[in-house]
Amino acid sequence: MPKQEIDAEDLFNLSLSIVGLVLKDGPMLSKDLAEHFGFSEKTIVRAVKTIANSEDIGRHETHFYVDEDLLEKGEVDFSAGMAALRRPPILSKRQTTALAAGLDFLAALPQFVGNTALSEIRSQIGSGTTPITALAPPERQATLQIIQRALLEKTQLVASYVNQLGEKSERIIDPLRVDFVGRRHYLRGWCNSNQAVRSFRLDRITNVENTDKPISQAAQRADIPLEVFGQLENEITVEIQATQEASEIFWNFPAFDIQRDAEGNIIGKIQVGNLRALGRHVSRYAGQVRVLSPSSAVATVRQFALNAISGPSAPEDQD
Amino acid sequence: MSASVNKQSPAERLFTLTCCLMAAPVIGLSKNDIFGSVASYAEQASDTAKEKMFDRDKSALREMGVQLEVFDSTSFEETDAARYRIAKGSFDWPTSFEITNEHMRLLELAARAWNNQLLSKSAQSGLIRLRSLGVVASSRELSAFTPRLLAQQESFAPLADAISSGKLVRFSYRKTDGVSSVREVTPLKLRFIEGQWVLLAKQADQIKNFLLRRIVSQVKTSELDGKPVSVAEIDQAEAELIRFVANNVAVLEVEMDGEAWWHFGGNDSGTIEVNFMDEALFAEDLMEFGPEIKVLSPESLSNRINVGWQQVLDTHA
């Protein structure tokens, strides 16, 4: 989507980049430049005028000669006057950090395992060629491929799904998008059983097949909420306390009333769909997250830990 | 030809300043040369106003990756002795630097992963610069995939800024044994590994990795410049981390057909081998699966998890 507004630094950056492209490839239509750089034609014209208006007033020298008649007709052409500028500066450290981190992230995803182009570009933009660890096993690539094909063909999937309580079900899903958020893949799709958009964690899909049937009209009209945890029904509010290191737990739930205590711990409330799933989310932090209330939530976490130590049939201790 | 009849916009001022500095002789320009060349400076009513505007522009240029150098030359009168020029290399893309359509698609996806968060603007402006290297078509295959990075740690922004400005920073870092200490480091790189942000930084004479999660104070940026670090040193540190991870292998017994089995991509043998970067973080990932996983090795990981369960019980008594 072309952006309508641009700040001074981005306009400066765009002007430098247009100089590089036009001096390299020759005259271009402003509408093609708009398409290429992802801005509106109006913004492209502003950037070209920035180039045109560059003048050393002390020496009475113009840096670039822009053909303004052609610009009126939608064509961008200029030649370098006194300018030594031929291309934009190399990437700044911040730009490199941003792109390299994004590429690191992609390299850890199973669908990019063995992607030569990704290794090549990572060796150019500073993160080395080898992903340090994979965020998911390569087997998930097969699941992803089936989903990607269904997304492109707009066809329905039938999936075996295990929810966070371990309950298994068969779902007919109209796939809408695949998100990778934080460290997990989610299939965002129209669930035909619930008649609503739902998020399905890919590592909980145990089998998936493309039915080759077209997706429903309801799915085509559906909006996909930004947050993967979506709308909860019958949610329970749980008060928790987390150390600074474990504060990321608040990012995984709708959270509110967040405060910091004198020791730097974070206290706040989260909303959970089902208490039974809380045990795993809290336990992973090995005591760095503590449930304060309600007592039923405290007991759930305790039971999860007891099960883990002694197996699911372990009775609660009598102390 | 165009004359600057109207007042210059801030973007025009930055662009003109860059062009004037690029066209400067080897000996650079004095501040007076610059003030006499760029219309916006010339139009300022006072010297103080000119200086302020120039200071702001110098920082803006540096942030955008235009490295401005200042040096003294005795060949000029005192008022003109401080000389400004653009550092060699600021505009020199490596000759081997080539970007194909496929590379560009991956970079677009990498930038999109920022999803309007912290570094989204920098990623986008970097993409614009890279697009000046050639024309590319947009992708169909990746369009239905939306990767989204999370960079919600408070320390992220000041560290990214310090990497840009090359300044020293100071923060409190708490290791997994609970002991925290103040670290003064030169931040070099932020990387996303195993779903966690990792800072590569030089502390004293060593390059180390710091998990952003374990930074437990505000990051304070010093006025002092960081220690110079060569690309070779960074490459070596990164190669060491890769070797370290390759040697960190856990053997797990996983309940067949359970959630953990699907998560880790289990096989018929019921045991799997997984590489990990940080034992404590890996222990967290395993504990989420409760009784479904048993650690066969290393013993330290198994012990850590057992202690972890006891801590959960102690805090939920």
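## Starting inside: Leu106(A)

Let's begin with one residue. If you skip anything up to four places away in sequence, Leu106(A) touches Phe112(A) and Leu118(A), and it also touches Leu106(B), Leu109(B), Ala110(B) and Pro147(B). Keep in mind as you look around that this is a predicted model.

Which residues touch the most other members of the largest nonpolar core? They are Ile51(A), Leu103(A), Leu106(A) and Ala110(B), in a core of 113 residues. There is also a second, separate core, with 37 residues; among them are Ala297(A), Val301(A), Val254(B) and Val295(B).

## Where the two chains meet

Now zoom out to the contact between the chains. It takes in 105 residues of chain A and 99 residues of chain B. What kinds of residue does chain A bring to the side that touches chain B? Sorted by class, there are 50 nonpolar, 30 polar and 25 charged residues.

As a bit of background, people often give the size of an interface as the accessible area lost when the parts come together.

## Chain A: a quick tour

Chain A has 319 residues, and 42% of them are buried. Its secondary structure adds up to 10 helices and 15 strands. Take the contacts in chain A between residues at least 6 apart in sequence: 55% of those join residues at least 24 apart.

A good strand to find is E9(A), which covers residues 184-191. Six of its eight residues are buried, so to speak "mostly covered". E9(A) pairs with strand E8 of chain A (residues 168-181) in the antiparallel sense, over eight bridges. One pair to look for is Asp179(A) and its bridge partner in E9(A), Tyr186(A).

E9(A) is also joined to strand E10 of chain A (residues 196-201), again antiparallel, by six bridges. Here Trp190(A) has Val197(A) in E10(A) as its bridge partner. How many residues lie between E9(A) and E10(A) in their hairpin? There are four, and in the turn Gln195(A) has a positive phi of about 50°.

## Chain B: three domains

Chain B is split into domain 1 (10-86), domain 2 (156-247) and domain 3 (249-315). The C-alpha centres of domain 2 and domain 3 of chain B are 28 Å apart. Their contact uses seven residues from domain 2 of chain B and five residues from domain 3 of chain B. On the domain 2 side of chain B, that means four nonpolar, two polar and one charged residues.

## Two sheets' worth of strands in chain B

Start with an open sheet of three strands in chain B, which has the order E1-E3-E2 and antiparallel pairing. Which strands sit at the edges? They are E1 (29-30) and E2 (68-72) of chain B, each pairing on one side only. E1(B) is joined to E3(B), residues 82-86, by two bridges, and Leu29(B) stands opposite Tyr84(B) in E3(B). Helix H1 of chain B (residues 10-22) lies across E1 and E3 of chain B, at about 100° to E3(B).

Further along, look for strand E5 of chain B (residues 167-174). With strand E9 of chain B (residues 220-225), E5(B) pairs in the antiparallel sense over three bridges, and Arg170(B) has Lys220(B) as its bridge partner in E9(B). E5(B) also pairs with strand E6 of chain B (residues 180-193), antiparallel and over six bridges; here Val169(B) stands opposite Val185(B). E5(B) and E6(B) form a hairpin with five residues between them, and Gly178(B) in the turn has a positive phi of about 90°.

Conventions
Residues numbered from 1 in each chain as written. Chains lettered and ligands numbered in written order. Predicted model: local features only at pLDDT ≥ 70, side-chain atom pairs only at ≥ 80, totals over all residues. Domains from an automatic or database assignment. Contact = placed C-beta atoms within 7 Å. Nonpolar A, V, L, I, M, F, W, Y, C, P; charged D, E, K, R; others polar. Core = buried A, V, L, I, M, F, W, Y, C linked by C-beta atoms within 7 Å. Buried ≥ 20, exposed ≤ 12 C-beta atoms within 10 Å, placed from the backbone. Pairing = 2+ DSSP bridges. Axes fitted to C-alpha atoms, helices over the stretch in contact; angles between N-to-C directions.
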